[in-house]
Amino acid sequence: MSAPRTWLVTGSSRGLGLEIVRQLLSDASNTIIATCRNPDNASSLKSLADNAKGVLHVVRLDVSDEVSIQSSVQAVEEILGSSRGLDYLVNNAAISSGNDTAFGFSVAGFESTLKSNVIGPALLGQVLLPYLLKGDRKVIVNFSSGLGSIGLDYGGQNATYSISKTAVNMLTYKQARAQPELIAIALDPGWVKTDMGGQNAPLEPHESVSEILKLITSLSLSESGKYYRYSGEELLW
Ligand SMILES: NC(=O)c1ccc[n+]([C@@H]2O[C@H](COP(=O)([O-])OP(=O)(O)OC[C@H]3O[C@@H](n4cnc5c(N)ncnc54)[C@H](OP(=O)(O)O)[C@@H]3O)[C@@H](O)[C@H]2O)c1
């Protein structure tokens, strides 16, 4: 059996987060702290426990809410106990305020996008750092997007979402440089059929997630601070 691993995944009620938890639960070596903002409504997530080989803990966590982030630490502490650390923090949860532009956006939409997509993941990294440092793998995966790349030149669409993902890329670089013993990467999951990706997306969630899990479970320190597509290809900043 492979070494036991502990995971915290944000936004696991649906979409890619739910699929990540589903695939992780097929391996008995995984303990997953699957977080979502409303566990009472997360029936798809909770039903994953039925056929699970791994261990599932569902914890309430709203990544746009500082109090919620701070109070989730106690739940993490209770689950991990005094001896186990956290091997993987997967900052997956995010929102998009739609197809706005640099000259046509709402302040409220911009603020809430930055709060959920950048400040929440950053704060979670900060409060969970002691647990990550105690883990064997010490990995932070920050979900970015191809739209966060300036080099890929995707044009003027989806401005506030794209700006938030560019900030996630810089957050990742800063985390990697500030804590050289961690492996922090920014990850583009590809264009995937979820509520966010829409039905025209070419990838199914299981296709993107199986590649993502292969990539992140084999990461080494020399890859920290980099920006990857789900397929393992390094992306232009
Ligand atoms: N799908 C794509 O094509 C695509 C492409 C590039 C990047 N991405 C990135 O991949 C990640 C997952 O995307 P997805 O396609 O799975 O999106 P999704 O289908 O819209 O699901 C988003 C998830 O994030 C959760 N969430 C949103 N705000 C939250 C908050 N404040 N606190 C806690 N959870 C919150 C949602 O929970 P509720 O159920 O409570 O709303 C849901 O579980 C995101 O970071 C996204 O930017 C996706």
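This report covers the pocket, the ligand and the cavity of one structure.

The model is predicted, so local features need pLDDT of at least 70 and side-chain atom pairs count only at pLDDT 80 or more, while totals for chains, interfaces and linings use all residues. Residues are numbered from 1 along each chain as its sequence is written, and side-chain values use heavy atoms, with hydrogens and water left out.

**The pocket**

On a 1 Å grid over the protein atoms alone, a pocket is an open set of points with protein on both sides within 12 Å along at least five of seven lines; a cavity is a set where a 1.4 Å probe fits but cannot get out. Lining residues have an atom within 4 Å of a point. The largest pocket holds about 1,100 Å³ of space. Its lining has 43 residues. Asn92, Ala94, Tyr161, Thr194 and Met196 lie nearest the centre. Helix 1 (15–24), strand 2 (30–36) and helix 5 (159–178) each give at least two residues to this lining.

**The ligand**

What takes up the space of the largest pocket? The ligand does. Around the ligand stand 29 residues, each with a heavy atom within 4 Å of it. Ser13, Arg14, Asn92, Tyr161 and Thr194 are the closest.

Polar contacts (pairs of N or O atoms within 3.5 Å) tie named residues to ligand atoms. A backbone N or O atom of valine 63 lies 2.9 Å from a ligand nitrogen. Lysine 165 brings a polar side-chain atom to 3.0 Å from a ligand oxygen. For aspartate 195, a polar backbone atom is 3.5 Å from an oxygen of the ligand. On its own the ligand has 900 Å² of accessible area, and the protein covers 93% of that. Helix 1 and helix 5 are the elements that give two or more residues to the shell.

**The cavity**

The structure holds 1 cavity of 30 Å³ or more. The largest cavity has a volume of about 40 Å³. Among its lining residues are Asn91, Asn92, Asn117, Phe143 and Lys165. Helix 4 (107–134), strand 5 (139–143) and helix 5 each supply at least two residues of that lining.

**Residue classes**

| Set | Nonpolar | Polar | Charged |
|---|---|---|---|
| Lining of the largest pocket | 17 residues | 19 residues | 7 residues |
| Shell around the ligand | 12 residues | 11 residues | 6 residues |
| Lining of the largest cavity | 5 residues | 4 residues | 1 residue |

Note on methods: Points joined across faces, edges and corners; volume = space filled by probe spheres on them. Helix = DSSP H or I, 4+ residues; strand = E, 2+ residues; numbered from the N terminus. Nonpolar A, V, L, I, M, F, W, Y, C, P; charged D, E, K, R; others polar. Polar contact = N/O pair within 3.5 Å; in protein donor to acceptor, adjacent residues only side chain to side chain. Areas by Shrake-Rupley, 256 points an atom, 1.4 Å probe, with all protein chains shown as cover. Sits in = over half its atoms within 2 Å of the grid points.
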